[in-house]
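Dear colleague,

Here is the structure that I promised to pass on to you. Please open it beside this message, so that you can find each place as you read.

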Amino acid sequence: MIDLHTHTFHSDGALVPSELAARAFAKGYKGLAITDHADFSNIADIAGKLRAFVSTLPVDAGMKVAAGIEITHVPPSQIKALCEKGRGLGLGLIVCHGETIVEPVMKGTNVAAIEAGVDILAHPGLVTEKECVLAKQNSVFFEITARKGHSLTNGHVAAMARKYGVGLVLNTDAHSPEDIITDEFALKVALGAGITGVEFERMKENARVLFEKALS
């Protein structure tokens, strides 16, 4: 499992980065990206803390960790600037909190995030044809999520991504220990969304490529 969307107590997660990483490693993770919630008020603080943590990991830790952010509930007009700021702060992975059906995310967030060139559009909800075409053009990945609530539209996201050729990754959006999953459970989430075994393997490769990019 390479999980590209997790949270620590630097935003609204329950664990310090070291415990999140330790618990993920115990579950068999090969890679972990910490992507705490960010807007303009805290992005520099989060970037500094996560980069500091990553820099302290010993080379024999058994698992690599990448520092990122999840742009969250930011007005669509500000997403591009925040994405660019995150890149400038040395964050290797930019995730944007998509238009999930279980939270009041501003309409237009999905399009703004895709146009800004984020790496992953998390739990994007009832994605449209326009959003899919843009995501394909901009090489933005859609997320299939293991997180309750957000996962209600996984089937729709998977079907639309298949139709329009959008890349997919599977993440947990983990906020607490019980959110961390095994490869076996990740496969069940994918199958439940109508994703085939072959497509699941492709998703794992997508995650590997994104993770290597985030580490570089």
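Below are notes on the cores, two helices, a surface patch and a few single residues.

Please keep in mind that this is a predicted model, in which local features need a pLDDT of at least 70 and side-chain atom pairs count only at pLDDT 80 or more, while totals for chains, interfaces and linings use all residues. Residues are numbered from 1 along each chain as its sequence is written, and side-chain values use heavy atoms, with hydrogens and water left out.

I begin with the inside. A nonpolar core is a set of buried Ala, Val, Leu, Ile, Met, Phe, Trp, Tyr and Cys residues joined through side-chain atoms within 4.5 Å, where buried means under 20% relative accessible area, exposed means over 50%, and partly exposed is in between (1.4 Å probe, protein chains only). The largest such core has 58 residues, and those that touch the most other members are L32, I71, F142, I144, L170 and I195. Another core, of 14 residues, lies apart from it and has I2, A66, A122 and F141 among its members.

Next come two helices; helices (H or I, at least four residues) and strands (E, at least two) are DSSP runs, numbered from the N terminus. In helix α1, which covers residues 17-26, the buried residues are P17, L20, A21 and A24. Seen down the axis of α1, these residues fall within an arc of 95° (the arc of the directions from the helix axis to the C-beta atoms), so they line one face of the helix. An α-helix has 3.6 residues a turn, so residues three or four places apart point the same way. The cover over the buried residues of α1 includes β2 (31-38), α2 (43-56) and β3 (64-71), and just after α1 comes G28, with a positive phi of about 95°.

Helix α7 (residues 183-192) has A186, V189 and A190 as its buried residues. Down the axis of α7 they fall within an arc of 100°, so they too line one face of the helix. They pack against β6, α6, β7 (168-171) and α8 (197-215), whereas the face of α7 turned away from the buried side carries the exposed residues E184, K188 and G192.

One residue that meets α7 is N154, which lies in helix α6 and is buried, with a relative accessible area of 5%. Leaving aside neighbours within four places in sequence, N154 is in contact (heavy atoms within 4.5 Å) with E143, I144, T145, V189 and A193.

D12, by contrast, sits in the loop between β1 (2-3) and α1, where it is partly exposed, with a relative accessible area of 44%. Beyond its neighbours within four places in sequence, D12 is in contact with H7, H37 and H175.

Two residues have a positive phi of about 55° although neither is a glycine. S139, in the loop between α5 (129-138) and β6, counts as exposed at 56% relative accessibility, while D173, in the loop between β7 and α7, counts as buried at 2%.

Finally, what of L152? L152 is placed in the loop between β6 (141-145) and α6 (154-164), and at 62% relative accessibility it counts as exposed.

With best wishes
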